[in-house]
Amino acid sequence: METPVSLDAEDIRNEKVKVLRSMRPLRLEDVVIGQYKSHSKGGVTYPAYTDDKTVPKDSLTPTFAAAALFIDNARWDGVPFLMKAGKALHNKRAEIRVQFRHVPGNLYNRNFGTDLDQATNELVIRVQPDEAIYLKINNKVPGLGMRLDRSNLNLHYAARYSKEIPDAYERLLLDAIEGERRLFIRSDELDAAWSLFTPVLAELEEKKIMPEYYPYGSRGPVGAHYLAARYNVRWGDLGLDQSA
């Protein structure tokens, strides 16, 4: 969103609504849905979604979704925003990643040991678990040679601050008690969000689109990676920073 007039709840919510109203209608070709299937690993068999006794065997209910969204305003024109969420994935985390564009005519292509497309400078805001903000950059390895490597400039909240970090719901409950409305959704924001997703949800149901199957404990359906590649974006959970 753009900078609000003040930190007042209504000013912040006004800007959030402006963003949603500036978003381009979501197209079916920019959406990937999936459903997890049974998978065996290490002698352990994990169930499929339809193995649940309460779920019909022919259920088309998605357990994964990925989408490419666009904000049609002066600041974000042409910039893809990719979102994904799902159940039974390889790990549980919530994060925001800002991938910077490559420098045209990069002089260091020959010196970089790995594919430069896989080492884009990137700002990561990890919401959970282990809250952190870190910037992934390409840097020169010390020495007489010219070799580049990737490093993280890391602010790990638990390591930086000794005090206990409140759980998200603790903060939310405190705001509710104090009447603080900045983090709560206003009715017109809710309407704008649903008007963005309702048409494509109706189209998925009307056309009975079959979700793409993905193994329990995987990174999701292959179609999500094709979606990201179409917009020259790389999902963050495929990189070299899994321990970050």
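How many residues does helix H1 have, and how far does the helix reach from its first C-alpha to its last? In this predicted model, H1 runs over residues 9-21, which makes 13 residues, and spans 19 Å, close to the 18 Å expected at 1.5 Å a residue. Right at the start of H1, Asp-8 puts a side-chain oxygen within 3.1 Å of the backbone nitrogen of Glu-10. The buried residues of the helix are Ala-9, Ile-12, Arg-13, Glu-15, Val-17, Val-19 and Leu-20, so charged side chains such as those of Arg-13 and Glu-15 appear in the list too. As for the partner, these buried residues pack against helix H4 (187-206).Turning to the sheet, four strands line up in the order E6-E7-E8-E9, forming an open sheet with antiparallel pairing. Its edges are strand E6 (94-99) and strand E9 (148-156), each of which pairs on one side only. On average, neighbouring strands here are turned by 20 degrees against each other, direction ignored. Within the sheet, strand E7 (residues 122-128) and strand E8 (residues 132-140) pair in the antiparallel sense over five bridges, and Ile-125 stands opposite Ile-133 in E8.

Back on edge strand E6, Val-98 is a residue worth a look. Is Val-98 buried or partly exposed? Val-98 counts as partly exposed because its relative accessibility is 37%, with the buried class ending at 20% and the exposed class starting over 50%. Leaving aside residues up to four places away in sequence, Val-98 touches Asn-121, Glu-122 and Leu-123. The C-alpha atom of Val-98 is also separated by 6.4 Å from that of Val-124, a residue 26 residues apart from it along the chain.

Key
Residues numbered from 1 in each chain as written. Predicted model: local features only at pLDDT ≥ 70, side-chain atom pairs only at ≥ 80, totals over all residues. Heavy atoms only, no water. Helix = DSSP H or I, 4+ residues; strand = E, 2+ residues; numbered from the N terminus. Expected span 1.5 Å × (residues − 1). Buried < 20%, exposed > 50% of the residue type's maximum accessible area, 1.4 Å probe, protein only. Contact = heavy atoms within 4.5 Å. Polar contact = N/O pair within 3.5 Å; in protein donor to acceptor, adjacent residues only side chain to side chain. Pairing = 2+ DSSP bridges. Axes fitted to C-alpha atoms, helices over the stretch in contact; angles between N-to-C directions.
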